[in-house]
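Colleague: Please take one small part of this model, go through it closely, and then show me how to read the rest along with it. I'm in my first year, so plain words would help a lot.

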Amino acid sequence: MGNAELPAGAEYARRVPVPPGRPFLDTFKANLKETFFPDDPLRQFRHQPAPRKLVLGLKYFFPILDWAPTYTFSFFKSDLIAGVTIASLAIPQGISYAKLANLPPILGLYSSFVPPLVYAMMGSSRDLAVGTVAVASLLISSMLSKEISPTQQPSLYLHVAFTATFFAGLFEAALGFLRLGFIVDFLSHATIVGFMAGAATVVSLQQLKGMLGLHHFTTATDLISVMKSVFSQVHQWRWETAVLGCCFLFFLLLTRFFVSTDSCRTLLSKLIQHLSALNVLNFEISKSIYQPNLSLNPLDNDKKQSKRNPRFFWVSAAAPLTSVILGSLLVYLTHAENHGVEVIGHLKKGLNPLSATSLTFEPSYLMVALKTGIITGIIALAEGIAVGRSFAMFKNYHIDGNKEMIAFGTMNIVGSLTSCYLTTGPFSRSAVNYNAGCKTAMSNVVMALAVMITLLFLTPLFYYTPLVVLSAIIISAMLGLIDYEAAMHLWHVDKVDFCVCLGAYLGVVFGSVEIGLVIAVSISILRVLLFIARPRTTALGHIPNSMAYRRVDQYSMAQSVPGVLILHIDAPIYFANAGYLRERISRWIDEETKSSKGEEMDLHYLILDLGAVGSIDTSGISMIEEVKKIIERIDIKLVLANPGSEVMKKLDSSNVLEAIGHEWIFLTVADAVAACNFALHKCKPNDSSCEDAV
């Protein structure tokens, strides 16, 4: 039923009203609040007395004050088991990743002591287990080694690493305080898949130094440099080291088949679904270091994992520490260190020494420390927040991303002052923490205490630990991050996303980690800019026996309306796309006019469906005004359908609404078509008497 057939009151009710005006400051405040405070974090403080506000403020920044008063002994038993379990994983991984970062191995233990204590007080995730990660370690190594030699200037290298960690923490905390966490979203799912796979490839190839017992190795991370360094020293390969490394690598990969569980399978399947839905952050992490065979289809995972025993998750969790113990015993009993098998050597006993005075802010090294800190900080945030949110969704509790950033930032700032390097919440440790039955963040405290005992009493036991075992641990962990199934899924679903993924991978493998990130983020931003600058305009047609109007290129039954061209604009109209839209609309009209020649009725009305146009600027308004003038010269009337409130306000305040005519603005496309059909049969489109009739 068209507007002309409606009673006067109903016809007026279906007109599109201009929203009431609001003061600029009110609108600006509302937009600012929606951008930076969408979760309204201050709502809990409203109408509360001052003492209560103080308590709520302390609980906001220190969640431990919220759950500690209700903490029970049964919770502690669960957290104790989980903490000891993740400590068995954190100790060998910490030593391995510190070596990967070209830092003293003891720093890996230091970094598993202080930061988890800070996170236990300030973090809001119950399942996140804090520690060092391979990718951040690789980034620190590759970026700092370009400016400072870790072998020739070890002290300076160490100081700049602490400074980079300090800047990373400062950057993370600033993002949280300023509510700028959305910046992390620029690392898309495709970017992370490609970047992680490239980083895993590079890290694994660099471990050939340890696996082959080489003394001299390139500091470059690209594939060509690494392979040239490996094959130019064939005469220096040590068969004893290679055999030992292959045996332990086989053992570590074998134990991963024991990890699967009914509960773990359900958890990881849900994590994959959640991370895919979020389109954010570290989808490949949800594949887990311990779950390399997870498919994108949870049903496939059920088939692959149905025969595994849930009681044996600890076998894979304890495998790295078991490898360290067995490797150390083997070297000690056979004196393999005298036959070319390198060992860790002396590890200093004692707790973290203060490193506040070790931070260096010299101008010559400030920029490399700042750049390293920001890049590693973003990667650490992407991983930690994605993992924390995923576990929270699975266990049905909420974590605040901005509070997590503050917690990550604080623990890295404190860590940089206490001889620690960058830490976050890796999925490997967090998955083990969950499967061990953790209830609260107290499991991080237990892990830290276990590491403290190791630092005080057990570090001499690591003297005979072979470096090749650490290389095997790193390679085993990295293989789970090469997610070819996710890459194939991207190819089938979205070719542009696959190009982003491939660009990140090739950039990391053949260039450097920074080049890979820049390529991937550049392609992603270019895609966004192209979407904004070249929005889709599609022709709509009528679906028979309904009031619906849909895309004619999608619905074969959609029928065009004689004398009327209906175009749907698929994005906000800004200065970047106004010129393109004007040209594209003109082209649509030319094509429609040519195709309609010789038919009974030529084109008389252009309906623009603005349902997807959430906002418009002055360039967009000028574009609409120009389109109106252009088409009126060829006797075509401009009609608008379904404009939003902001569009209506801008059209009204610029007087374009008056030029078009309120009577030619309609609530739906169906109303607009009905009015056009009525006018076509009653009068000419640009006849002034027609406007009164409509």
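**Starting from one arginine**

Modeller: Arg-551 has a relative accessibility of 24%, so it counts as partly exposed. That label fits because anything between 20% and 50% is called partly exposed. Before we go on, keep in mind that this is a predicted model.

Now look at what the Arg-551 side chain meets: the side chain of Asp-553, in a salt bridge with 2.8 Å from N to O. In general, side chains of opposite charge can pair when their charged atoms come close. Asp-553 has a relative accessibility of 54%, which puts it in the exposed class, because the cut-off for exposed is over 50%. So in this pair you have an exposed Asp-553 and a partly exposed Arg-551.

How many salt bridges does a search of the whole structure find? The search turns up five. One of them joins the side chains of Arg-238 and Glu-240, at 3.8 Å from N to O. Arg-238 is partly exposed, since its relative accessible area is 31%. Glu-240 is partly exposed too, as its relative accessibility is 23%.

Another pair to find in the viewer is Glu-646 and Lys-650, with 3.3 Å between their closest N and O atoms. Why are they separated by about one helical turn? They are four residues apart in helix α27, and that spacing gives about one turn. Glu-646 comes out at 31% relative accessibility, so it is partly exposed, and Lys-650 is partly exposed as well, because its relative accessible area is 29%.

Follow the chain back a little from that helix. Between β5 (637-641) and α27 (645-653) there is a loop, and Asn-642 sits in it. Asn-642 is not a glycine, yet its phi is positive, about 60°. That is worth a pause, because most residues other than glycine have a negative phi. Asn-642 is partly exposed, given its relative accessibility of 35%.

There is another asparagine to put beside it. Asn-102 also has a positive phi, near 60°, and it lies in the loop between α5 (73-100) and α6 (106-110). With 34% relative accessibility, Asn-102 falls in the partly exposed class, so you can find some of it at the surface.

Let's go back to β5 and step into the strands. Five bridges join β5 to β4, and the two run parallel. For one contact point, take Asp-609, whose bridge partner in β5 is Ala-641. To get from β4 to β5 the chain passes through helix α26 (residues 618-632), and this β-α-β crossover is right-handed. Strand β4 also pairs with β3 (residues 564-569), again in the parallel sense and over five bridges. Here Val-564 has Tyr-605 of β4 as its bridge partner.

Is β4 mostly covered or mostly open? It's mostly covered: of the five residues in 605-609, five are buried. Their side chains point in two directions, with Tyr-605, Ile-607 and Asp-609 going one way and Leu-606 and Leu-608 the other, and all of them are buried.

For contrast, go to the surface near the other end of the numbering. A nonpolar patch of about 740 Å² is built from Leu-54, Leu-58, Phe-61, Phe-62, Leu-65, Met-121, Phe-177 and Leu-178. Which helix gives the largest share of the patch? That is helix α3 (residues 50-61), with three residues. Leu-65 belongs to helix α4 (residues 64-67), and it counts as partly exposed because its relative accessibility is 40%.

Finally, zoom out. The chain has 30 helices and six strands. It is 694 residues long, and 54% of those count as buried. About 30,700 Å² is exposed, with carbon and sulfur atoms supplying 63% of that area. As for contacts, among those with a separation of 6 or more, 81% come from residues 24 or more positions apart.

How values were computed: Residues are numbered from 1 along each chain as its sequence is written. This is a predicted model: local features need pLDDT of at least 70, side-chain atom pairs count only at pLDDT 80 or more; totals for chains, interfaces and linings use all residues. Side-chain values use heavy atoms; hydrogens and water are left out. Patches are made of residues with over 30% relative accessible area and no salt bridge: like charges are joined within 9 Å, nonpolar side chains (Val, Leu, Ile, Met, Phe, Trp, Tyr) within 5 Å. Accessible areas come from the Shrake-Rupley method with a 1.4 Å probe; for residues, only the protein chains shown count as cover. A salt bridge is a side-chain nitrogen of Lys or Arg within 4 Å of a carboxyl oxygen of Asp or Glu. Buried means under 20% relative accessible area, exposed over 50%, partly exposed in between (1.4 Å probe, protein chains only). Two strands pair if DSSP finds at least two bridges between them. A crossover is right-handed if, with the strands pointing away from the viewer, the path from the first strand over the helix to the second runs clockwise. Contact means heavy atoms within 4.5 Å.
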